[in-house]
Amino acid sequence: GDFQWGEPAGKAGDPTSAFSGAKVLGDRLSGDGTYKRNTTVFAESPVIDRAGKEHVRLQMRRWLSVEDAAFDQASIYVNGRQIWQNLGTDESDGSLSHEDREWRFVDLDLSSVLSPSETTIQLRFELASDAQAQLGGWSLDDLCVVAWEPVVFHGTIDFPSLAPPAADDPLVPRGGCACAAAGRAAEGGPWLSLIALSALLLRRRRAR
């Protein structure tokens with residue numbers, strides 16, 4: 001299709017430079033930078049071996065500018081199954097254009113759409129456009145597929161014991177109610193103690 005490996009020129013919403021190095025994989029880096037109208041183009045990765053790897057993710061830097069998905073669709077596929085597409089409204093609205101203003105880090109879980117029997121991965125970056133306005137399309141950099149394994153902990157954890165508060169700590173509840181009068185039962189009970197403690201905490205926080 002129209003995908004090229006080269007230096008971006010900052011046209012039609014494309015970046016002015018790569019995220020790292022000098023070159024990116026982009027849709028129509030030359031000319032006016034806009035993707036073609038009324039067509040579908042794509043770039044596919046080589047086949048990637050994932051044998052023995054249960055947890056795999058796609059990580060990359062993305063700079064994408066595309067119309068509302070009601071008109072133009074930028075999609076990512078893994079083994080023919082769509083895992084991402086730009087958002088859209090409907091043709092009566094069409095105001096939700098996707099226009100990155102910086103290199104965005106993307107981290108997508110591939111395991112959620114892959115079956116255990118699939119030992120290889122192939123990625124496809126696609127852009128389908130209508131006959132109306134066009135923008136800059138895909139720009140991709142630092143693209144990789146990573147595998148990870150969850151850490152399983154066996155054993156016990158000894159948490160350090162906390163020393164009791166000092167006897168003169170003003171935040172230690174003393175019991176009773178300060179508003180109780182001699183010879184009378186405390187009015188308000190524990191609720192007034194809680195209010196007094198909250199006021200003391202607030203005063204101490206402000207003092208800091």
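Buried means under 20% relative accessible area. The model shown in these views is predicted.

**View 1. W138, a buried tryptophan in the loop between β12 and β13.** W138 lies in the loop between β12 and β13. With 0% relative accessibility against a limit of 20%, W138 counts as buried. Its aromatic partner is F125, and the pair is edge-to-face. The ring centres are 5.7 Å apart, with 75° between the planes. F125 sits in strand β12, so the pair ties together parts that are 13 residues apart in sequence. W84 joins F125 and W138 in one aromatic cluster. By the ring-pair rule, the count comes to three aromatic pairs.

**View 2. F125 and its surroundings.** F125 is buried too, at 3% relative accessibility. Its contacts, leaving aside neighbours within four places in sequence, include F3, V41, F42, A43 and L58. M60, S75 and I76 are also among them. W138, L140 and L143 complete the list. One of these contacts, F42, has a charged neighbour: the charged end of R124 sits over the F42 ring, 3.6 Å from its centre.

**View 3. Two separate nonpolar cores.** The largest nonpolar core has 22 residues. Those with the most contacts inside this core are L58, L110, F125 and W138. Five strands each supply at least two residues of the core: β3, β5 (55-62), β7, β10 and β12. A second core is separate and has five residues. Among them are A18, V24, L29 and W103.

**View 4. The four-stranded open sheet.** Strands of a sheet pair through backbone hydrogen bonds, either parallel or antiparallel. Here the pairing is antiparallel, and the strand order is β3-β12-β7-β8. The edges are β3 (40-44) and β8 (81-85), each of which pairs on one side only. Neighbouring strands are turned by 25° against each other on average, direction ignored. Inside the sheet, β7 (residues 73-78) meets β12 (residues 123-128) over six bridges. This pairing is antiparallel. One bridge can be followed by residue: V78 has L123 of β12 as its partner.

**View 5. The five-stranded open sheet.** This sheet has the order β1-β2-β13-β5-β10, and its pairing is antiparallel. Its edge strands are β1 (3-6) and β10 (104-109), each pairing on one side only. The twist averages 30° from one strand to the next. β13 (residues 139-148) is joined by two bridges to β2 (residues 24-27), in the antiparallel sense. There, L25 has L140 of β13 as its bridge partner. Seven bridges join β13 to β5, again with the strands antiparallel. H55 is bridged to W148 in β13.

**View 6. S45, in the loop that follows β3.** S45 is placed in the loop between β3 and β4 (48-49). Its relative accessible area is 14%, so S45 is buried. Not counting residues up to four places away in sequence, S45 touches Q122 and L123. L123 also appears in View 4, as the bridge partner of V78.

**View 7. D130, a buried aspartate.** D130 lies in the loop between β12 and β13. That loop also holds W138, seen in View 1. At a relative accessible area of 15%, D130 is buried. Its contacts, leaving aside neighbours within four places in sequence, are R37, N38, E67, F71 and D72. A70 is 60 residues away from D130 in sequence. In space, the two are 9.4 Å apart, C-alpha to C-alpha.

Technical notes. Residues are numbered from 1 along each chain as its sequence is written. This is a predicted model: local features need pLDDT of at least 70, side-chain atom pairs count only at pLDDT 80 or more; totals for chains, interfaces and linings use all residues. Side-chain values use heavy atoms; hydrogens and water are left out. Two strands pair if DSSP finds at least two bridges between them. Axes are lines fitted to C-alpha atoms, for helices over the stretch in contact, and angles run from 0 to 180 degrees between N-to-C directions. Rings of Phe, Tyr and Trp (its six-membered ring) pair if their centres lie within 6.5 Å; planes under 30 degrees apart count as stacked, over 60 as edge-to-face and the rest as tilted. Buried means under 20% relative accessible area, exposed over 50%, partly exposed in between (1.4 Å probe, protein chains only). A charge sits over a ring if NZ of Lys or CZ of Arg is within 6 Å of the ring centre and within 35 degrees of the ring normal. A nonpolar core is a set of buried Ala, Val, Leu, Ile, Met, Phe, Trp, Tyr and Cys residues joined through side-chain atoms within 4.5 Å. Contact means heavy atoms within 4.5 Å.
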